[in-house]
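Colleague: I am new to this structure and would like to know how you reach your labels. Could you take me through them, value by value?

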Amino acid sequence: MPTFLVLAVLVITIVLAGLVVARPTLTVVRGGKMLAFLALFIFPVFAGLLGLENHVERSKQTSFCLTCHIMGQYGKSLYVDDSSYIPAAHFQNARVPRDQACYTCHTDYTIFGSFNSKLKGLHHIYAQYITKPQQPIQLYHPYNNRECLHCHEGSRSFEQGALHTAEPQTMADIKSNKLSCMSSGCHDSIHNVKDLDHVKYWKPVQ
């Protein structure tokens, strides 16, 4: 939803509500009552829903996530020139949308995954501005292979990968989350923010 449209609805809501408050005699007639109902109930709810939808979409942006100071190093890690850094490799090779990189990888792909992620996002905002963010940052629970398989399952490089098919049980364990992609020693270089002063960085072509 374009921001200007949300602002336009908000302005209309304020104008109509102001008109009803300034001239309460308008509500004497039926048309005035309908106007008051629209101005004081329908338009505010509509404006609120549009604003919520607009903010939810904006909160999916990588740039939004990086507005918190504590996330700066994580954003920097996306430019590490080392393919073993999983987030960097995905970001630089457009395996995830760059403008929604954080949201794409850190949303649980379950029926209420997006909703739950937004609730956690509210907690993050609370921690950023009201309390203090936890140091070091930790995931709420171990990273589930489900989030990787959402994109990789069915791909040739995954299904026919030499390590994935070396043992008959390996693939089944990966898909059932018994063998973690992240902590099994295979793809364990994630953001590694403590090492960012000793690495080279990729510079995108402008």
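Modeller: Gladly! Let's begin with the largest nonpolar core, which has eight residues: Y143, C148, L149, F158, M171, I174, C181 and M182. This is a predicted model, in which local features need pLDDT of at least 70 and side-chain atom pairs count only at pLDDT 80 or more, while totals for chains, interfaces and linings use all residues. Residues are numbered from 1 along each chain as its sequence is written, and side-chain values use heavy atoms, leaving out hydrogens and water.

Colleague: What makes a set of residues a nonpolar core?

Modeller: The members must be buried Ala, Val, Leu, Ile, Met, Phe, Trp, Tyr or Cys residues, joined through side-chain atoms within 4.5 Å. In soluble globular proteins, nonpolar side chains tend to be buried together. Here, α8 (145-152) and α10 each supply at least two residues of the core. Helices are DSSP runs of H or I with at least four residues, strands are runs of E with at least two, and both are numbered from the N terminus.

Colleague: Why is C181 called buried?

Modeller: Buried means under 20% relative accessible area, exposed means over 50%, and partly exposed is in between (1.4 Å probe, protein chains only). C181 has 13%, so it is buried. C148 counts as buried too, because its relative accessibility is 17%.

Colleague: Which residues is C181 in contact with, leaving aside its neighbours within four places in sequence?

Modeller: They are N145, C148, I174, C186 and H187, where contact means heavy atoms within 4.5 Å. C181 itself lies in the segment after α10. With the same kind of neighbours left aside, I174 is in contact with N145, L149, F158, H164, L179 and C181.

Colleague: How do you know that C148 is in no disulfide?

Modeller: A disulfide is a pair of cysteine sulfur atoms within 2.5 Å. For C148 the nearest cysteine sulfur, that of C181, is 4.3 Å away, so the pair does not meet the cut-off. C65 is in no disulfide either, with the sulfur of C102 as its nearest at 4.0 Å. The count comes to zero disulfides.

Colleague: Why is the pair of Y79 and F91 called edge-to-face?

Modeller: Rings of Phe, Tyr and Trp (its six-membered ring) pair if their centres lie within 6.5 Å; planes under 30 degrees apart count as stacked, over 60 as edge-to-face and the rest as tilted. Y79 and F91 are 5.2 Å apart, centre to centre, with 70° between the planes, so the pair is edge-to-face. Y79 is partly exposed at 31% relative accessible area, whereas F91 is buried at 6%.

Colleague: And what makes the pair of Y79 and W202 stacked?

Modeller: Its planes are 15° apart and its centres 6.0 Å, so both values meet the rule for a stacked pair. Y79 lies in the loop between α4 and α5 and W202 in the segment after α10, so this pair ties together parts that are 123 residues apart in sequence. W202 is partly exposed, at 24%. Y79, F91 and W202 form one aromatic cluster.

Colleague: How do you know that R98 lies over the face of F91?

Modeller: A charge sits over a ring if NZ of Lys or CZ of Arg is within 6 Å of the ring centre and within 35 degrees of the ring normal. R98 is at 5.8 Å from the ring centre of F91, and lies over its face.
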